[in-house]
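Welcome to a small set of exercises on reading a protein model. Try each task by yourself, then follow the solution step by step.

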Amino acid sequence: MEESAAVPPSSQSAASLKPLLEECGYTGARLETRYRLGDVVIPLVGFASSERDMDSACIAVVDGGSNPEAAVRSCLELAAPVVWVRHNGSVDWWVQRHGTPTRFDSRPADEFPSLVREYKDKLDHNSIYLGRTLARINPAKQLDFVDAGLLPLRREEAGQKLHDTVESMIVATLRAMGRQSPPKNVVREVFKAVFRMLAGKILRDKKVRGFGSLNLNSPTEVLKAVTIHYDKTGAIKPRPSFGYGHLRGAAAILNDAPNFAVVSPESLAYVYEHTLVTRELRKKLGIHATPPWLVDYMVWQLYDWVREIPVEDRHVFEPACGHAPFLLSMMRLLRMELDDLPSDEVHEYLKQHLVGIEFDAFASEIARPSLTLADIPNSNGWRLLEGDMYSSDVLARETANCRILLSNPPYAKFDDREKARCKKAGHAVKYKKAVELITRTIDKLTPGAVFGFVVPQTVISGPEAKHIREFLLNECELAEVCRFPGKVFAFAQIETAIILGRRNLAGTSSAMNRVRIRTVGERGMAAFQHNYAVDEDTSATQEQLLEHPALELMMPALNEVWETLKRNPRVRDVAVVGRGIEYKGKTARKGKPVESRSKRAGFMPGYAGVGRREQAVYTPPPSCWLATDEALIGNPRQGRATGTPQVLVNMGRTSRLRWRIKPLLDEAGLDVKNNFAIIRPAGTGEHALYLWAVLNSPIANAFVASRTMRKHNYEGILGDVPMPLPNQRITDDLVSAASAYRELARKRDAELATHKSAAATRATLFTEPEPEVSVTPESAVRDALLKLDAAVLRAYALPVRLERQLLDYFNGNIRAGVGCTFGDYYPADFKSLVPLHKYVSAGYRGSTVDQVAARMKPDGTSAGTAALRTAAEAFGGDDDKAARYARASALLDQWASEEGDFDARIGPRIEKAIKDTAPRHNPD
């Protein structure tokens, strides 16, 4: 692909398309000729900005030869969404994708300019840049020829390559020092030196002035050049304390590394998270690098509000900035808005408008080069403050000066030494670090200032942060709250949320402002990272959120269902709800055991826990022996034996998905350890089996799953589960269905065990073969469970539409431990609104339009025709067969969607149709 510089481009070469790129606005620093990408040289590349990396690449122009697709694939690492391929008298327009590129259009070379001019208003650098950033959020910005999901994948792959290089350099340096287990301060200094050398190579590969002839084999030369580029005052010393000599091996590795010109600063986040932050440091400081895809999402969601802020007032503050991901993303946004200014003026503007603060000085080793690499060719000069932001007034001061506040604060608690330091400085702390940071900043924002926080979910629902939520709902205009499972950070299973909003303008009220409330589930993370798709998307006014006693910034899934049931009694109204016995720690009890598999003195039979998958809901948990000595018990809670039947619910979720609780029936009322929540009838006449059936139902599972994404099923949430309204007949039916299901499932388990034993006996040569054992079909157990669920749902008497929403909530979720393979409630193509109790009934299954048609098997005979006519009359009448079926199906849907009892409204009509038609099509 590379051509000699001495040979001018021919009319058949890719370089001949340069005038078209210039016509689209790619001139000066935005147009690169002969861009080197590893071993590949790309003749022309149009960029959105002067740093010329994968984030800013817009259009690549290549020679295709005999294989245009191969030419497109060869520049995948560049991540330019548009690739023009010149070959055989034609020009192809390709869309670059992470998998297989696709051809968007193809024209003869002399006709290609007219195609480009047709799309000219969408091919400029800003349009394409927005098409791969803002378009992931705003469909109006999407372009047919831009794959918005390409960039995040390329960033991560580039980060992995950088990580491998840095790790190899660190190992080589420590080996040269002869330090197998060096102290932390030495390791940190090695990391610092190695990372600065990496920055030197990136600056050289990007052809920054002063780095073009840099000798990468010389650690001295590299570190001096990078230090001067970082700090022209001379305050930073280039020489590490261990000298330059030990870095020669690292320098050799760096010299042999591939060209890093294409690397974007966002890729350095991967190095920060995977290489430079140790496990101890992450735990101590609560450091969790914000992934670039989440940073971009938050920044671009705030884009319209940012544009309403006057240009000179767009001051950005990122407390706890770490590797400065928000500053970096905002730099790109702000620079795009200053498109007409000269590069040096833009640089000065950005230096004055971006401020970060970080306690860990080591993180600045990522932040400074990240910002510098994003503002090539300019040198450092960024305001990155270092120090303890909690022991001074810096948070309040910088927040008052900014109009854009973005942060992923540390999540850890303050230790005693940190509390003492802050108190001594006159800035005592009251909360955990994340809550403390928001408390000190949010009320200092000026009217119209925008903000975005990445927080643990306790901030949007926990008691410690209730004062923050009250302020947000009363004094701010919230744009969005989005919850995530424990998969956002690479090295922490923390359920998180983001909060986006702005401070109310003077004299305005946000009471009627609608807050977008979104949820991303466990299985939805990949889709969110790729195209920002969410699993649940609803909204509520701030006034509605203020009505909640806890002021939670969340709207649970199926909220209309819960609103419909809000006047129903709760589990806590009919049962005692608590936790099992809490034993003292090993140290306090001097190592004495509190549970045993065998009987021993001072122990009583009880339950200590269950397996997530193998435990069946219709059998009690594995029994054990629990200590009863009061000296070993910290708090008995509700776990002491009562002899009263009770329901035990696993505290640890059985699944990350929506079937997350497995209520078990303890008919003996034994001792229970605090791995269980305990629900015990409170003398109101409720049967324990009745409670067990309700808690095993889709209602209870959906209620719990919609309210927490955490690892535990808290007893407070279980106590809030709505109960059916009292109705003795329905209660008796429900208990009967529960007994039938439990009996049938246990019977099948016993039969399977006997069958397995018999099979083993038959396989023995010297014994008489046992007779075959009949086994209850799995389908029978499934039907019994469906009838139980149907009985529970019938007791709640939800409108059919809401019941269907509830059951569809579990689509694709595994329901384990129920004695059968349990899939979705309804077939994917079943759209009729029919309540479950009717759908599982034999009468309904035999009377649907399709089933009636199948039984009738009309063959054109007079009998078949008469039967169809009779059925059609019962369902509204029409002589055309297709119209009859459509009419009948539509009527079923209409009737089922109406309020009131399904049977009372629809049953007589269906029964009449069956009765009238049965003698004609089924004379036997």
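Two strands pair if DSSP finds at least two bridges between them. Helices (H or I, at least four residues) and strands (E, at least two) are DSSP runs, numbered from the N terminus. The model is predicted, so local features need pLDDT of at least 70 and side-chain atom pairs count only at pLDDT 80 or more, while totals for chains, interfaces and linings use all residues. Residues are numbered from 1 along each chain as its sequence is written, and side-chain values use heavy atoms, with hydrogens and water left out.

**Exercise 1. Describe the sheet that holds strands E19 and E20.**

Step 1: Start with the pair. Strand E19 (residues 603-607) and strand E20 (residues 623-627) are antiparallel and are joined by 5 bridges. Within this pair, Phe603 lies opposite Ala627 in E20.

Step 2: Widen the view. The open sheet has 4 strands in the order E18-E20-E19-E24, and the pairing is mixed.

Step 3: Look at the edges. Strand E18 (595-596) and strand E24 (671-672) each have a single partner strand, so one side of each has no neighbour in the sheet.

**Exercise 2. Work through the open sheet of 9 strands, and find helices that pack on it.**

Step 1: Write down the order, which is E9-E8-E7-E10-E11-E13-E12-E14-E15, with mixed pairing. At the edges are strand E9 (383-386) and strand E15 (536-541), each pairing on one side only.

Step 2: Check the turn. On average, neighbouring strands of this sheet are turned by 15 degrees against each other, direction ignored.

Step 3: Zoom in on one pair. Strand E12 (residues 476-484) runs antiparallel to strand E13 (residues 496-503), with 8 bridges between them. Here Leu478 is opposite Gly501 in E13.

Step 4: Add the helices. Helix H15 (residues 343-353) packs on the sheet and touches strand E7 (316-319) and strand E8 (354-358), its direction making about 40 degrees with that of E8. Helix H21 (residues 466-475) also packs on the sheet, touching strand E11 (450-456), E12 and E13, and its direction makes about 135 degrees with that of E12.

**Exercise 3. How do helices H12 and H14 cross, and how do H26 and H30?**

Step 1: Recall the tools. Axes are lines fitted to C-alpha atoms, for helices over the stretch in contact, and angles run from 0 to 180 degrees between N-to-C directions. Angles under 35 degrees count as roughly parallel, over 145 as roughly antiparallel, 65 to 115 as roughly perpendicular and the rest as oblique. Contact means heavy atoms within 4.5 Å.

Step 2: Take the pair of helix H12 (residues 292-301) and helix H14 (residues 325-337), whose axes come within 9 Å and cross at roughly 45 degrees. That makes H12 oblique to H14.

Step 3: List contacts. Val295, Asp296, Met298, Val299 and Trp300 in H12 meet Pro325, Phe326, Ser329, Met330, Leu333 and Met336 in H14.

Step 4: Repeat for helix H26 (residues 688-696) and helix H30 (residues 778-796), with axes that come within 9 Å and cross at roughly 95 degrees. H26 and H30 are therefore roughly perpendicular to each other. In this contact, Trp692, Ala693 and Val694 in H26 meet Leu788, Val792 and Tyr796 in H30.

**Exercise 4. Which element has the lowest mean pLDDT, and which the highest?**

Step 1: Know the scale: pLDDT is the predictor's confidence in each residue, from 0 to 100.

Step 2: Read the chain as a whole. Its mean pLDDT is 84, and 84% of its residues reach 70 or more.

Step 3: Compare elements. Helix H34 (residues 849-856) has the lowest mean pLDDT (46), and strand E10 (residues 404-407) has the highest (98).
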